[in-house]
Amino acid sequence: MTAIVQKLPLRAVAVPYPALVAVLAATLAASVVIATGIGAVGVPAGEVVGILAHHLTGGGDGTATAEVIVWRLRFPRVLLGAVAGAGLALAGAVVQGVVRNPVADPYLLGLSHGASVGAVLVLTTGSAVVGALTLPVAAFSGATSAMAIVLAIASRQGRLLPVRLILVGVAFGHLFAGITSFVLAGTDSSAAQQQIIFWLLGGLSGTNWATLPVPAAVVVTATALLLVRARRLNALVLGEEAGAALGLDTGRMRWYLLLLVTLLTGTVVAVSGGIGFVGLIVPHLARMLVGADHRRMLPITVLLGAVFLLWADVAARTLVSPAELPIGVLTAFLGVPFFLLVMRARGLAGQEMT
Amino acid sequence: MRRLMLCVLTALPLTTGCGDTRPAAPSAAAGGPVVVKDCDGKEITFARVPERVVTLDGYAAQALARLGLTGKIVGTGYPAPFTVDASPYEEELSKIPVLAERVPVTEVVAAQRPDLVLTGFSAFGGPPGSPKDADLATVNAQGLAACMPGGGMTMNGGPSGRAPLTDLMPVYDYVRRLGAVFGVQARAEKLASELRARQDAVAARTTGAKPRVMIVQDNPVAGQPIKTSGSGTIAHALLTLAGGQNVFADVTSMHADVSPEQVVKRDPQVIWVITDYTFAKAKGRHLVDQVKRNPLLTGTTAVKEGRVISASQYQVSFPSPLNFEALERLATDLREGNP
């Protein structure tokens, strides 16, 4: 990656766009296989490839130790890392466009703190009140309710104005964080207190095959829907008047995009917790590489997000092996140096973003 | 008859007491499936006696060792509690392969191919990456945790949501459930009644005034809350059984934050330092010395009269047979200097 970037002249794109997409896609595919080979328990590379090949060509599930570790524990986790990274990066790109603010991220609108409120309520009140809700469902409901509240309060006569959205979103984010801390302070369940680290910092441990289909389907669908509307997203970024001049109903477009982002982020947060930083930084990386045109940067965002989070999770699994770090710690450790590198290479430090 | 009485007496605070191991007893002897309850009251069926056991922490291993089952442990995590164990168990336990100094992650557990995974904590999946119940199912293992009333996730956990823990029912309960699962009920029952007898012996010699005791876990820093053990903990139960009264019985959690002003107001007569917590600024004796010299505590009756006593967290934090060593020592320490 960095090698490509450094060869780029300052303003022009040296690598043709299709080649860049191809390189990233190949990197992602290779990363999935390599990451599956890395873990707390050493499994020889040949065996890993053999197990993956056996299953991907329709072989049955076995119970040998290496097979259980590689196929049932690691591989779904690696895939979920890629799916979650892609989803969060995509959601970040859209939110940054909708509110026209470069420091926006998917959690700007109170989503992740809403999810932790949902989760912590289930953990502390137990089966009595919301027994039917499993944790992911509760987190998803929390995230979407938070978003619904923020949208309802931020909208004025059906219109969503960016500054108002940011202010209401940030304010409610803090309110939800306060509620989470308050509920936790009142509980004596250390299990609940440990669990909450997961919802605040995120984590992919505990992933199994059953976790994967819903987020994967949502991320793929959302990517497709957004690519179709990438041109209109471009018009939205230009602002209210310019958008209107181009024949865009900016109000409706914002509602549509934010609902999509809620669905996307809510689904991802429900399975991976509130993993920060990916949604903030990856879209900027993509813009630095291919420019701000959403038709070009959205696919790059999705691929970069997937590769980035996948490797962040590998680091989370291996740095303090055989224990594990919360992944939210790693996304910043890995992300910031990489981000600075690209920023310098592209000479964008002095320029305005978006 | 005596055993029945004990069950009735001890099962009161915890509904999963003697009752759930009984129906299992006859069928286990016959080699049939054994059913015990998990911490949420759900039934777990063991089709046969487990052969390969992974203990996620030393507490569970210590309980197994006392049931003569050390040989079934193929690996353990978090061996730190072994450091306070006594012969012959210490030597026996030190031979168990250590999978990780902390609680191991799912992969490491899976690599041992266990059919049963045990933890002395009240739930699976606490530390990041450690196996949750769903992960155990994924790797074809069953799990059994030492239940604490309210320590799991299903019981009401509000500040006033539950009764304080005043006996060592979680230990008896875990020992009995392990006995049922491994088909060694008689041995488990014997162990439970021996432990119970030690508790009763302590109760017999703790008469008279109950000193006000404050539990501290670290050397307090000015301007910061002080960490203490609330009423939902094993430490609180030990303190109550040893004839003391916890001055902070109105908080519940294991690492509750209390204000230094309240410490002055409640003026403890004894300070009980629980050492060896990872966050503590000093270890063992050094921590006790620091606490004695701490300006925030010098005004208390406890420090003025030199009544600062200690125990290791490995004996008093989680349900374990070693809780009883700590109980006996605490009862003695509390009586010393007490007129």
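Which residue in E2(B) does B:Val36 stand opposite? I looked this up first and found B:Ile44 in E2(B) opposite B:Val36.

**Basis of the entries**

I note that this is a predicted model, in which local features need pLDDT of at least 70, side-chain atom pairs count only at pLDDT 80 or more, and totals for chains, interfaces and linings use all residues. Residues are numbered from 1 along each chain as its sequence is written, and chains are lettered from A and ligands numbered from 1 in the order in which they are written.

**Chain B overall**

I found 14 helices and 13 strands in chain B; helices (H or I, at least four residues) and strands (E, at least two) are DSSP runs, numbered from the N terminus. Chain B has 339 residues, of which 53% count as buried. A residue is buried if 20 or more other C-beta atoms lie within 10 Å of its own, exposed if 12 or fewer, and partly exposed in between, with C-beta atoms placed from the backbone. I then turned to contacts, which require the C-beta atoms of two residues, placed from the backbone, to lie within 7 Å. Among those in chain B between residues at least 6 apart in sequence, 66% join residues at least 24 apart.

**Strands E1(B) and E2(B)**

I followed E1 (residues 34–37) and saw its side chains alternate: B:Val34 and B:Val36 point to one face and are buried, while B:Val35 and B:Lys37 point to the other and are not. E1(B) pairs with E2 (residues 43–46) in the antiparallel sense over four bridges; pairing requires that DSSP finds at least two bridges between two strands. Five residues lie between the strands of this hairpin, where B:Gly41 takes a positive phi near 85 degrees.

**Helices H7(B) and H8(B)**

I recorded an angle of about 165 degrees between H7 (residues 169–181) and H8 (residues 185–205) of chain B, with their axes 7 Å apart. Axes are lines fitted to C-alpha atoms, for helices over the stretch in contact, and angles run from 0 to 180 degrees between N-to-C directions. The two helices are therefore roughly antiparallel to each other, a term for angles over 145 degrees (under 35 is roughly parallel, 65 to 115 roughly perpendicular and the rest oblique).

**B:Gly179**

I located B:Gly179 in helix H7 of chain B. Is B:Gly179 buried or exposed? B:Gly179 is buried, because 26 other C-beta atoms lie within 10 Å. Not counting residues up to four places away in sequence, B:Gly179 touches B:Leu67, B:Val184, B:Gln185, B:Arg187, B:Ala188 and B:Glu189.
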